[in-house]
Amino acid sequence: MKLVTARFDHPDARKLNDRVQAEYAERYEDEGDLTPLAPEMFDPPAGLYVLAYDADGVPIGTGGWRSHDETSLGEGYALGDAEIKRMYIVPEARGHGFSRLILAHLEETARAAGRRRMVLETGTKQPEAIQLYESSGYALVPEGGKFGYYRFHTSSRCYTKPLG
């Protein structure tokens, strides 16, 4: 697998985002993730977005992080947070550890950018994601401390990991 830094509006990113949105819609029986995202949210140094390619140059995954500052504190975030968004591996490439490599890269680059904590929001109908994050040292946030667009949904699960 090869990781390439790209913009969230890169053609391969859009294609993979469409796939993950379709998967979210199917799993949750709704329209997918409605969290507002814009390409500039992932522009360094305030964020990062990567595309993963297999040995044949086929895009197989994505992942990104975006910073949070004073404007997002009311949504439950803390200063210094880096929020993981759009972690995704196409079904045909799952089970090879690619998501762990992307996650490690996101943590490393967020730490290098001065971020103090990784945060993320996932859902109960994504057990693979929950297993990945819990086995990677992420702690489940109690119900009253949740953050993000879906923080009030019962199926939402929020996780944090210090980057110290």
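**The largest pocket and the sheet beside the helices**

In this predicted model, the residues lining the largest pocket divide into 16 nonpolar, 13 polar and ten charged, where Ala, Val, Leu, Ile, Met, Phe, Trp, Tyr, Cys and Pro count as nonpolar, Asp, Glu, Lys and Arg as charged, and the others, Gly among them, as polar. A pocket here is an open set of points on a 1 Å grid over the protein atoms alone, where a 1.4 Å probe fits, with protein on both sides within 12 Å along at least five of seven lines, and lining residues have an atom within 4 Å of a point. Of the 39 lining residues, Tyr24, Met87, Thr122, Gln126 and Ala129 lie nearest the centre of the largest pocket. E4 gives the most to this lining, with six residues.

Local features need pLDDT of at least 70 and side-chain atom pairs count only at pLDDT 80 or more, while totals for chains, interfaces and linings use all residues. Residues are numbered from 1 along each chain as its sequence is written, and side-chain values use heavy atoms, with hydrogens and water left out.

Seven strands (DSSP E runs of at least two residues, numbered from the N terminus) form an open sheet of mixed pairing in the order E1-E2-E3-E4-E5-E7-E6, two strands being paired if DSSP finds at least two bridges between them. Strand E1 (2-5) and strand E6 (139-140) stand at the edges with a single partner strand each, so one side of each is left without a neighbour in the sheet. Strand E2 (residues 47-53) pairs with strand E3 (residues 59-67) in the antiparallel sense over seven bridges, and Val50 has Gly63 in E3 as its bridge partner.

How values were computed: Helices (H or I, at least four residues) and strands (E, at least two) are DSSP runs, numbered from the N terminus.
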